[in-house]
Amino acid sequence: MPQLEQIDTFASQIFWLIISFGVLYYMMARVVLPRIADIMAEREDRVAQDLARAQTLKLQSEQIMEEYEAALGEARGEAATALKLATDEVSAEVASRQDEVTAKLNKQAAEAESRIDKAKQEALANVKVVASEVSQAAVGKLLGSAPQPADATRAVEQVLGGKG
């Protein structure tokens with residue numbers, strides 16, 4: 001190998017090797033490695049901050065979820081109470097209207113019974129008059145002379161009064 005035969009340049013090559021290595025070592029130790037260490041520490045701090053922030057957000061979201069569940073439960077309770085109140089109110093309204101309708105129907109039934117009794121009394125009175133007139137006509141046909149209207153009315157009342 002021809003490089004190995006040039007031994008007279010080895011000393012200068014070793015000298016420049018040591019100087020180059022020293023300069024590179026100095027630059028790495030004093031400039032590059034501290035910068036890399038600062039960057040690594042900065043990233044580590046940022047990751048720690050992000051993890052702490054994530055933990056804080058997680059706790060906040062859990063707290064918000066608990067508040068939401070509590071509010072939802074409260075709203076459900078209020079809705080159930082409102083529904084019960086509305087149901088009770090409607091039931092009371094229905095009962096009130098039913099009572100009104102029942103009272104109205106009872107009044108109408110009483111009025112109808114009164115009209116029926118009045119009509120019955122009128123019918124009975126008419127029956128007495130008609131029966132009196134028919135008896136007068138029948139007696140008049142049978143005997144040839146009609147009885148007095150008062151006598152016929154008295155006879156009809158005796159017959160109807162005996163049955164009633």
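What share of the 164 residues in the protein chain is buried? Hold on to that one while I say hello, and a quick reminder that what we have up here is a predicted model. The answer is 3%. Buried, for this purpose, means under 20% relative accessible area.

Let's start with the overall picture. The protein chain contains 2 helices and 0 strands. Helix α1 covers residues 10–143, and helix α2 covers residues 149–163. If you look along the principal axes, the C-alpha trace spans about 190 × 35 × 20 Å. The radius of gyration says something similar in another way: the protein chain comes out at 62 Å, where a compact globule of 164 residues would be near 15 Å.

I also pulled out some C-alpha distances, and they are nice to follow on the screen. Arg 53 sits in helix α1, and its C-alpha atom is 25 Å from that of Ile 36, with the two positions 17 residues apart along the chain. Next take Ala 70, another residue of helix α1. Ala 70 and Glu 93 are 23 residues apart in the chain, and their C-alpha atoms are separated by 34 Å. Finally there is Leu 59, also placed in helix α1. From Leu 59 to Lys 118 we go 59 residues along the chain, and the C-alpha separation is 87 Å.

How accessible are those starting points? Arg 53 is exposed, with a relative accessible area of 56%. Ala 70, at 48%, is partly exposed, and Leu 59 is partly exposed too, at 47%. Those two fall in the partly exposed class because exposed requires over 50%.

Now for the surface. The protein chain exposes about 14500 Å², and carbon and sulfur atoms supply 62% of that area. Which residues make the nonpolar surface patch of about 630 Å²? The residues are Phe 15, Trp 16, Ile 19, Val 23, Tyr 26 and Met 27. Let me zoom in on Phe 15 for a moment. Phe 15 belongs to helix α1 and is partly exposed, with a relative accessible area of 43%.

On to charges. The protein chain carries 18 positive and 25 negative charges, and the mean positions of the two sets are 15 Å apart. Side chains of opposite charge can pair when their charged atoms come close. How many salt bridges does the count give? It comes to 4, and I'd like to walk you through some of them.

Here is one in helix α1: Asp 88 and Lys 84 meet through their side chains, with an N to O distance of 3.3 Å. That counts as a salt bridge because the cut-off is within 4 Å. Asp 88 and Lys 84 are 4 residues apart in helix α1, about one turn of the helix. Is the Lys 84 side of this pair buried or exposed? Lys 84 is exposed, at 52%, while Asp 88 is partly exposed, at 38%.

Further along we find Glu 93, which you met a minute ago as the far end of the Ala 70 distance. The side chains of Glu 93 and Arg 97 form a salt bridge, 2.9 Å from N to O. Glu 93 and Arg 97 lie 4 residues apart in helix α1, so about one helical turn separates them. Glu 93 counts as partly exposed, at 40% relative accessibility, and Arg 97 is exposed, at 53%.

For the next pair, please rotate to helix α2. Arg 154 forms a salt bridge with Asp 151, and the closest N and O atoms are 2.2 Å apart. What is the spacing of Arg 154 and Asp 151 in helix α2? They are 3 residues apart, so again about one helical turn lies between them. Arg 154 is partly exposed, at 45% relative accessibility, and Asp 151 is partly exposed as well, at 37%.

To wrap up, let me go back to where we began. This is a predicted model of a chain with 2 helices and 0 strands, a C-alpha trace spanning about 190 × 35 × 20 Å, and 3% of the residues buried. On its surface we have the nonpolar patch that includes Phe 15 and Trp 16, and the count of salt bridges is 4. Thanks, everyone, and I'm happy to take questions.

Notes:
Residues numbered from 1 in each chain as written. Predicted model: local features only at pLDDT ≥ 70, side-chain atom pairs only at ≥ 80, totals over all residues. Heavy atoms only, no water. Patch = residues over 30% accessible without salt bridge, like charges linked within 9 Å, V, L, I, M, F, W, Y side chains within 5 Å. Areas by Shrake-Rupley, 256 points an atom, 1.4 Å probe, with all protein chains shown as cover. Buried < 20%, exposed > 50% of the residue type's maximum accessible area, 1.4 Å probe, protein only. Rg over C-alpha atoms; globule rule 2.2 N^0.38 Å. Lys, Arg positive; Asp, Glu negative; His and termini not counted. Charge placed at Lys NZ, Arg CZ, Asp CG, Glu CD.
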